[in-house]
Amino acid sequence: MPKKRLPSPEHADTLSLNALRSLVTGLVSEVRELSAEVTKLRAENAELREENAAMRQENTRLKVENQLLRDEIARLKNLPPRPPFRPSGMEKATDFKQDDPPAAKKKPRGPKLDIKRVNREEVLRLCAPPPGSRFKGYKSCHVRDLVISAEIIHYRRECWLTPDGKILLAPLPEGVIGSYGANLRRLCLMLHAQGQVTTERLTTLLNDVGVAVSKRQVVRFVTKGLEGFVAEDGAVLHAGLVTAPYITVDDTGARHARANFHTTQIGGAQFTSFRTTAAKSRLNFLSLLRGNYQDYVLNTAAFDYLDNRRINPALVAKIRSHEPRCFCNQVPCLEYLASQGVDIFDRQAVRVLAEAGIWGSIRHHGLIGDTVIVSDDAGQFRVGSHALCWVHSERLLQKLMPTTPRQVRLVETVRDLMWQFYRALKSVKRKPPPGLTAAFHKRFDRIFSLSTGYEDLDKLLARLLRRKDELLKALERPGTPLHTNASENDLRSFVTKRKVSGGTMSRDGRVARDTMLGLMKTCRKLGLSFWHYLGDRLGIKGEPIPPLATLVAAKA
């Protein structure tokens with residue numbers, strides 16, 4: 001039935017009373033219909049909002065499940081899982097490039113810096129200059145070139161017979177092993193460690209140059225006879241742990257003997273060390289901090305460690321003594337624990353007691369005296385004077401999955417506050433002004449005590465608030481880095497090595513890889529040429545290089 005047409009309200013003053021009543025009645029009816037329609041639309045809108053929120057939650061759940069499946073596939077394929085989140089960009093966004101003072105005149109770059117060490121000089125002449133030409137001297141041109149050639153040297157060693165019947169032979173030059181010289185071995189170590197060249201490609205390269213060598217011999221070059229390098233790498237780690245004001249630590253996956261191992265990086269401003277082990281527990285990390293020592297010491301530091309871990313006082317009372325007790329290795333330590341009534345088959349209790357014994361050994365030998373350990377909040381690194389990485393702490397915000405626009409805005413607001421605080425903390429770290437520590441503590445409390453109503457975000461803020469002392473360690477110890485970017489940069493070369501060469505099979509190969517990569521990184525931090533370092537250690541004449549441990553201690 002067609003809807004009745006209402007009179008136009010434009011000339012209401014000319015309408016009759018009945019017409020006005022009809023007009024008002026029609027308008028009221030339309031308002032009621034529109035009101036009912038608006039109510040219905042609002043209900044549909046609310047229903048759509050709820051459905052949208054449910055779909056966003058489902059999408060978030062599917063993203064997490066998809067990442068878990070990707071990680072499981074990577075695990076089954078013996079590959080490291082891909083990181084699920086992008087870098088936050090906080091470090092670059094808070095740089096002080098515009099505020100930095102103008103740098104001094106930079107050292108000139110380019111090929112003109114090495115013209116003082118010319119090896120040979122040649123005069124190039126024109127074959128037939130035109131008649132009437134005048135000689136105007138020479139124009140210099142310095143050309144850089146590289147000469148790689150294979151040599152077979154015939155050494156004729158004098159042979160003498162002594163009166164008592166012994167035969168004496170003139171010694172071979174230093175660095176000659178078997179029928180191969182030191183320069184060949186230096187090239188193999190250089191290309192394999194720093195150049196990331198596989199042994200198979202290295203074998204092909206040497207044979208193409210003219211050196212007849214097998215792949216097995218190349219493997220011997222890069223894995224055997226490295227006792228001197230291994231000892232120096234251990235000395236570098238010891239010197240760093242004794243003298244460094246801080247160390248940054250991190251770990252990554254590694255393959256060894258067809259099994260999943262873990263490589264731990266320990267480094268400072270002047271040194272780097274890599275250690276690959278089967279586990280990455282706190283007990284393992286403390287064993288790495290102990291260096292080459294194998295003893296266990298139950299002293300004041302060990303019992304303080306047990307008190308901080310809140311171990312059962314009755315268990316600690318069984319082994320507590322007034323005088324320190326030293327054990328050369330694990331066996332006598334376990335015998336002593338058993339004699340004191342400790343159940344040595346209780347793995348959890350024995351593990352904590354072993355950690356305490358190793359920590360006592362570390363303190364006994366003067367390692368990690370006042371050194372700050374900066375980590376990404378992995379539980380195994382939380383020992384001694386510990387500091388947290390700000391970049392990893394801010395990255396936790398990316399793991400949140402907000403489902404409403406309000407939650408997204410709250411996360412962005414907290415991220416902005418953290419970035420501003422981090423920028424201010426970096427400026428204080430560069431130029432620490434006196435008396436601002438209390439102000440930074442108050443500002444930190446205001447940010448991380450916020451109550452936003454977003455439950456996951458509030459839990460994260462409360463978690464970071466509990467780690468306040470570790471996040472603000474740079475205020476207590478100026479010079480301490482605010483992140484572990486240096487460790488991640490050191491580990492990047494190890495990850496590249498893993499991608500190019502895969503894993504190792506023998507213990508010699510695993511030790512050689514860790515040792516040479518650590519020494520290479522240490523040389524770079526000390527401003528030394530790894531090529532010249534290898535030459536000096538292999539007995540090739542050149543500029544002598546002092547022990548790296550001495551340089552690390554001197555520059556600490």
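What share of the contacts in the protein with a separation of 6 or more is accounted for by residues 24 or more positions apart? In this predicted model, such pairs make up 66% of the contacts in that set. The secondary structure consists of 21 helices and nine strands. The radius of gyration is 36 Å, well over the 24 Å that the globule rule gives for 556 residues, so the protein is more spread out than a compact globule. The C-alpha trace spans about 150 × 105 × 55 Å along the principal axes.

Of the 556 residues, 37% count as buried. The exposed area of the protein is about 35,600 Å², and 55% of this area is supplied by carbon and sulfur atoms. Charged side chains number 89 positive and 59 negative, with the centres of the two sets 5 Å apart.

Aromatic side chains were searched for pairs over the whole structure, and 15 were found. In one pair, Phe135 and Tyr138, the ring centres are 5.4 Å apart and the planes stand at 75°; the pair is therefore edge-to-face, since an angle over 60 degrees falls in that class. Phe135 and Tyr138 are both exposed. An aromatic cluster is formed by Trp390, Phe421, Tyr422, Phe440, Phe444 and Phe448.

Ala254 belongs to strand β3, which covers residues 246–256. With a relative accessible area of 5%, Ala254 is buried, because the cut-off for this class is under 20%. Beyond residues up to four places away in sequence, Ala254 touches Ala259, Asn260, Phe261, His262, Thr263, Thr276, Phe494, Arg498 and Arg513. One of these partners, Arg498, is 244 residues from Ala254 in sequence, yet the C-alpha atoms of the two are 7.2 Å apart in space. Ala257 is located in the loop between β3 and β4 (259–267). Ala257 is not a glycine but has a positive phi of about 55°. The relative accessible area of Ala257 is 40%, and the residue is partly exposed.

A further set of residues belongs to helices α3 and α4 and the loop between them. Arg186 is part of helix α3 (residues 182–193) and counts as buried at 9% relative accessibility. When neighbours within four places in sequence are left aside, the contacts of Arg186 are with Trp531, His532, Leu534, Gly535, Leu538 and Ile540. Arg186 and Gly384 are separated by 198 residues in sequence and, C-alpha to C-alpha, by 40 Å in space.

Gln196 occupies the loop between α3 and α4. Its relative accessible area is 15%, and Gln196 is buried. Although Gln196 is not a glycine, its phi is positive, at about 55°. Thr199 is in helix α4, which comprises residues 199–209. Thr199 is also buried, with a relative accessible area of 16%. Apart from neighbours within four places in sequence, the residues in contact with Thr199 are His192, Lys215, Val218, Val219 and Val222.

Conventions
Residues are numbered from 1 along each chain as its sequence is written. This is a predicted model: local features need pLDDT of at least 70, side-chain atom pairs count only at pLDDT 80 or more; totals for chains, interfaces and linings use all residues. Side-chain values use heavy atoms; hydrogens and water are left out. Helices (H or I, at least four residues) and strands (E, at least two) are DSSP runs, numbered from the N terminus. The radius of gyration is taken over C-alpha atoms; the globule rule is 2.2 Å times the number of residues to the power 0.38. Buried means under 20% relative accessible area, exposed over 50%, partly exposed in between (1.4 Å probe, protein chains only). Contact means heavy atoms within 4.5 Å. Accessible areas come from the Shrake-Rupley method with a 1.4 Å probe; for residues, only the protein chains shown count as cover. Lys and Arg count as positive and Asp and Glu as negative; His and the chain ends are not counted. The place of a charge is taken as NZ of Lys, CZ of Arg, CG of Asp or CD of Glu. Rings of Phe, Tyr and Trp (its six-membered ring) pair if their centres lie within 6.5 Å; planes under 30 degrees apart count as stacked, over 60 as edge-to-face and the rest as tilted.
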